[in-house]
Amino acid sequence: MFERPQEGVWCPDSRVAARSAARDWGEEYLSESRLQREGYFHAAPIHQKWLEHQSGRVDWAYLLWDVLMFQAWLEESLVTWSFVLSSTLVYVGR
């Protein structure tokens, strides 16, 4: 299609994320209780990295971005599948 150099995946700068709505989004998706409840990740190390990242001690943006994207995908998938299943159950029940 187009001839241009390959580009990497964009990840938000930690300084921007700390001052924006992305911080609230991160707090929601990276809360230790949520990570434990869903059970896909070891919650304590990820939450610890989130706290370090927010304090500015360490830039964990790339690692945290991957977890955030998975969490967003998981939430969207669960909403989609619950709708599909509930629609199917209603349809089959008629």
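In the predicted model, Met 69 is partly exposed, its relative accessible area being 33%, and the residue belongs to helix α5. Although Met 69 and Tyr 29 are 40 residues apart along the chain, their C-alpha atoms are separated by 9.3 Å. Tyr 29 is itself one of the residues of the largest nonpolar core, which is described below.

Confidence in the model varies along the protein chain, for which pLDDT averages 76 and 61% of the residues score at least 70. The lowest confidence is found in helix α1 (residues 14-18), with a mean of 53, whereas the highest is found in helix α4 (residues 43-55), with a mean of 92. Over residues 90-94 the pLDDT stays under 50, and for this stretch the model has zero contacts beyond four places in sequence.

The secondary structure consists of five helices and zero strands, so that, read from the N terminus, the order of elements is α-α-α-α-α. Of the 94 residues in the protein chain, 27% are buried. When contacts between residues at least 6 apart in sequence are considered, 56% of them join residues at least 24 apart. The surface exposed by the protein chain amounts to about 7,400 Å², of which 60% is supplied by carbon and sulfur atoms.

The largest nonpolar core is made up of 10 residues, namely Tyr 29, Leu 30, Leu 35, Ala 43, Ile 46, Trp 50, Leu 64, Trp 65, Val 67 and Leu 68. Two or more residues of this core are given by each of α4 and α5 (61-93), and α5 gives the most, with four residues. In soluble globular proteins, nonpolar side chains tend to be buried together. Within the core, Leu 64 is in contact with Leu 30, Ile 46, Lys 49, Trp 50 and His 53, when its neighbours within four places in sequence are left aside; among these partners, Leu 30, Ile 46 and Trp 50 are also listed as members of the core.

Helix α4 comprises 13 residues and reaches 18 Å from its first C-alpha to its last, close to the 18 Å expected at 1.5 Å a residue. Its buried residues are Ala 43, Ile 46, His 47, Trp 50, Glu 52, His 53 and Gln 54, including Ala 43, Ile 46 and Trp 50 of the nonpolar core. After α4 comes Gly 56, which has a positive phi, near 85°.

A buried position is also occupied by Arg 34, which lies in helix α3 (residues 32-38) and counts as buried because its relative accessibility is 9%, below the cut-off of 20%. With residues up to four places away in sequence not counted, Arg 34 touches Glu 28, Tyr 29, Gln 71 and Glu 75.

Aromatic rings provide a further set of links, and the count of aromatic pairs comes to five. Trp 25 and Trp 65 form an edge-to-face pair, with 6.1 Å from centre to centre and 65° between the planes. Because Trp 25 lies in helix α2 (residues 21-29) and Trp 65 in helix α5, this pair ties together parts that are 40 residues apart in sequence. The two partners fall into separate accessibility classes, since Trp 25 counts as partly exposed at 27% relative accessibility, whereas Trp 65 counts as buried at 17%. A pair is likewise formed by Phe 41 and Phe 70, whose ring centres are 5.2 Å apart and whose planes stand at 90°, so the arrangement is edge-to-face. This pair links distant parts of the chain, as Phe 41 is in the loop between α3 and α4 and Phe 70 is in helix α5, 29 residues apart. Both rings belong to partly exposed residues, the relative accessibility being 28% for Phe 41 and 26% for Phe 70. Together with Tyr 40 and Trp 73, Phe 41 and Phe 70 form one aromatic cluster.

The surroundings of Phe 41 extend beyond this cluster. Neighbours within four places in sequence being left aside, Phe 41 is in contact with Leu 35, Ile 46, Val 67, Phe 70 and Gln 71, and of these Leu 35, Ile 46 and Val 67 are residues of the nonpolar core. Phe 41 and Val 67 are 26 residues apart in sequence, while their C-alpha atoms are 8.7 Å apart in space. Gln 71, one of the contacts of Phe 41, is also touched by Arg 34.

How values were computed:
Residues numbered from 1 in each chain as written. Predicted model: local features only at pLDDT ≥ 70, side-chain atom pairs only at ≥ 80, totals over all residues. Heavy atoms only, no water. pLDDT = per-residue confidence, 0-100. Contact = heavy atoms within 4.5 Å. Buried < 20%, exposed > 50% of the residue type's maximum accessible area, 1.4 Å probe, protein only. Areas by Shrake-Rupley, 256 points an atom, 1.4 Å probe, with all protein chains shown as cover. Core = buried A, V, L, I, M, F, W, Y, C linked by side-chain atoms within 4.5 Å. Expected span 1.5 Å × (residues − 1). Phe/Tyr/Trp six-rings, centres within 6.5 Å; stacked < 30°, edge-to-face > 60°.
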